[in-house]
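Reader: I would like to learn how to read the packing and the local features of a protein model. Could we go through one together, step by step?

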Amino acid sequence: VARTRRSISQLLDFAPRTARLLRDGKEMSIDVTDVRVGDVAIVRPGERIPVDGEVVKGESSVEESAVTGESVPVAKASGDAVFGGTLNGSGTLDVRVTKRFEDNIISKIARLVEEAEATKAPSERFVDRFARFYTPIVMTIAIATMFIPTILFGQPLEEWFYRGLVLLVISCPCALVLSTPVSVVSAISGGARRGVLFKGGLFLERMADVKVIAFDKTGTLTTGRTIVEEIFPFNDYTAREVLRVAASAENRSEHHLARAVMERARSEDIEFEEVTAFQAFTGKGVGVRILDRVVYAGSPQFFRERDIDLTEWDEIIEEKTALGATVILVGGEDEMMGLLTIRDTPRPEAKEVIDGLRGMGIEIVMLTGDAAPVAEKVSKELGIRDYRAGMLPEDKLRAVDEYRQRYGTLLMLGDGINDAPALARADIGMAMGVAGTDVALEAADVALMGDDLHSLLYSIRLGRSARSVIKQNIATSLVIKLALTILVFPGVVTLWIAILVGDLGVSLAVILNALRLNRGAITRT
């Protein structure tokens with residue numbers, strides 16, 4: 001037990017005890033507990049980041065496995081969030097502190113895991129109830145063994161008193177009582193080391209019973225980042241020209257679709273044109289003066305409101321919209337230049353994970369607030385047969401209740417904030433990618449610290465393996481103790497055998513079997 005608990009305390013050891021700060025133009029090293037929000041910490045190559053914060057200067061790659069469980073380093077630049085205890089790569093970073101040491105993500109994880117370990121799982125409560133009856137019964141049998149043969153049958157008292165003592169040692173419930181808590185602690189701490197945070201043994205064991213998983217779409221099955229998928233030039237323009245004008249027009253916009261256009265232009269090394277008279281029309285598009293003409297970039301409705309005739313392109317607009325894409329038109333009142341389609345893309349691992357879940361006998365459904373064409377396209381790409389679109393939070397609540405009644409234990413996987421009501425109603429509410437989101441970390445029953453759906457597969461296999469290990473431990477301790485008990489009466493089992501095999505031996509076997517969960521020996525069932 002101490003070994004598994006040490007794995008949790010090691011989380012805190014990842015964070016350095018001192019931080020190198022820049023104060024009044026001078027570098028100084030101070031204890032991390034004295035660091036204030038707003039301080040700027042300097043992190044050199046190869047050092048662990050001492051605090052949670054935001055990069056204000058420098059570029060590097062950061063290995064975040066201590067927090068997210070993902071070993072692939074993540075590129076960091078100005079404006080990106082970093083976590084205390086993670087390992088800086090080859091660049092120097094200046095990090096503005098956003099949280100005190102006691103509030104950082106590593107401290108929060110360690111605290112939540114300790115609270116989870118203190119929460120008893122259902123099987124642990126069963127063993128406790130069983131032990132309340134088991135202990136007085138075996139005590140009565142042992143005492144009866146000591147005296148009844150002598151009183152009723154005239155057997156030697158010394159011989160049967162010795163056998164009664166042997167029986168007491170064998171019947172000691174240590175291994176039985178340890179069988180569940182040591183397995184739960186081992187699994188929870190092992191999961192935390194791999195970026196899966198269980199809020200208690202109850203949810204760990206429920207993972208073994210999951211029959212249906214309801215996925216949110218945006219940011220869960222998809223990356224949550226929009227990309228320019230296709231470019232269709234009009235009127236003898238080239239795709240590169242359309243993209244250059246669109247990116248130049250969107251360059252001053254803060255909309256997430258604008259960022260997708262600019263990222264595509266930068267990836268193709270396209271230089272932006274100088275623009276003037278920039279004007280943003282919230283939720284519709286932008287207008288600018290570029291190359292001595294007024295150009296708009298926005299939705300088809302935005303162009304129609306300006307009495308710009310789109311009849312020639314209505315067919316392709318409707319076709320792409322029906323396929324779930326967001327259409328951005330580029331052009332002016334005198335001439336249209338082209339069309340871009342933008343959409344959120346499925347996570348690369350999503351199809352593999354869904355196939356894996358279905359292979360485990362789990363039903364898959366998708367619940368999304370997006371329009372039906374968008375939901376249909378994503379569901380076809382991922383092989384999801386059952387999906388519902390255009391859902392409000394209250395609609396998701398009703399869907400969760402319906403699927404629970406139809407299939408059984410339901411796990412809801414979402415972002416932990418927008419899907420909070422459905423997460424609370426589900427048997428297991430799971431949020432992913434919550435390393436930087438305090439609300440999601442607190443709200444979910446199970447939290448996936450990273451952004452990889454493979455952690456979902458791992459968590460279900462961990463729950464099933466934990467259930468299997470608990471059953472193995474209980475069965476092993478009972479069978480061995482029963483066999484030794486039977487052998488006590490003919491005098492085959494001595495006191496030393498009872499101690500080494502019936503007590504210490506069984507307890508050690510139970511503990512070693514449970515530690516497999518901490519080491520990651522997870523079955524594929």
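Author: What follows is a conversation that goes from the whole chain to helix pairs, cores and single residues.

Author: Please keep in mind throughout that this is a predicted model.

Reader: Where should I begin, and how many helices and strands does the chain have?

Author: An overview is a sensible beginning, and here the secondary structure comes to 20 helices and 22 strands. Buried residues make up 49% of the 525 residues in the chain. Among contacts with a separation of 6 or more, 67% are accounted for by residues 24 or more positions apart.

Reader: How is the packing of two helices described?

Author: Two packed helices are described by the angle between their axes and by the distance between those axes. In this model, the axes of helix α5 (residues 157–170) and helix α20 (residues 495–519) come within 8 Å and cross at roughly 10 degrees. Because angles under 35 degrees count as roughly parallel, α5 is roughly parallel to α20. On the α5 side the contact is made by Tyr-162, Leu-165, Val-166, Val-169 and Ile-170, and on the α20 side by Leu-495, Ala-498, Ile-499, Gly-502 and Asp-503.

Reader: At what angle do α5 and α19 pack, and which residues meet there?

Author: α5 and α19 pack at an angle of about 180 degrees, with their axes 10 Å apart. The two helices are therefore roughly antiparallel to each other, since the cut-off for that description is an angle over 145 degrees. Arg-163, Val-166, Leu-167, Val-169 and Ile-170 in α5 meet Lys-481, Leu-484, Thr-485 and Val-488 in α19.

Reader: How should I read a nonpolar core, and which residues touch the most other members of the largest one?

Author: A core can be read through its members, the elements that supply them and the domains it draws on. The largest nonpolar core has 43 residues, of which Ile-213, Phe-215, Leu-357, Leu-411, Leu-413 and Leu-456 touch the most other members. Helix α19 (residues 454–488) gives the largest share of this core, nine residues. Domain 2 (119–185 + 460–518) and domain 3 (196–221 + 347–449) both give residues to this core, so it lies between them. Apart from it lies another core, of 24 residues, among them Leu-243, Val-261, Leu-340 and Ile-342.

Reader: Which residues does Ile-213 touch, if its neighbours up to four places away in sequence are not counted?

Author: With those neighbours set aside, Ile-213 touches Leu-357, Ile-362, Glu-363, Ile-364, Val-365, Leu-411, Leu-456 and Ile-460.

Reader: Where is Asp-216 found, and is Asp-216 buried or exposed?

Author: For a polar residue it helps to look at location, burial and partner in turn. Asp-216 is found in the loop between β11 (212–215) and α9 (217–221), and with a relative accessible area of 8% it is buried, because buried means under 20%. The side chains of Asp-216 and Lys-396 are joined by a polar contact of 3.2 Å.

Reader: How far apart in space are residues such as Ser-186 and Ile-511, given their separation along the chain?

Author: Here one sets the distance along the chain beside the distance in space. Ser-186 and Ile-511 are 325 residues apart along the chain, yet their C-alpha atoms are separated by 9.3 Å. Ser-186 lies in helix α7 (residues 181–193) and, at 0% relative accessibility, counts as buried. A polar atom of the Ser-186 side chain lies 2.8 Å from the backbone oxygen of Ala-514.

Author: Val-510, in helix α20, can be read in the same manner. Val-510 and Leu-176 are 334 residues apart in sequence and 8.5 Å apart in space, C-alpha to C-alpha. At 1% relative accessibility Val-510 counts as buried, and, leaving aside neighbours within four places in sequence, Val-510 is in contact with Ala-175, Leu-178, Ser-179, Val-182 and Asn-473.

Reader: What is phi of Asp-236 and of Ala-277, and where do these residues lie?

Author: Backbone angles are best read together with location and accessibility. Phi of Asp-236 is near 70 degrees, a positive value in a residue other than glycine; Asp-236 is found in the loop between β12 (222–233) and α10 (239–250) and is exposed, with a relative accessible area of 81%. Phi of Ala-277 is likewise positive, near 55 degrees. Ala-277 lies in strand β13 (residues 276–281) and, at 58% relative accessibility, counts as exposed.

Technical notes
Residues numbered from 1 in each chain as written. Predicted model: local features only at pLDDT ≥ 70, side-chain atom pairs only at ≥ 80, totals over all residues. Heavy atoms only, no water. Helix = DSSP H or I, 4+ residues; strand = E, 2+ residues; numbered from the N terminus. Buried < 20%, exposed > 50% of the residue type's maximum accessible area, 1.4 Å probe, protein only. Polar contact = N/O pair within 3.5 Å; in protein donor to acceptor, adjacent residues only side chain to side chain. Core = buried A, V, L, I, M, F, W, Y, C linked by side-chain atoms within 4.5 Å. Domains from an automatic or database assignment. Contact = heavy atoms within 4.5 Å. Axes fitted to C-alpha atoms, helices over the stretch in contact; angles between N-to-C directions. Parallel < 35°, antiparallel > 145°, perpendicular 65-115°, else oblique.
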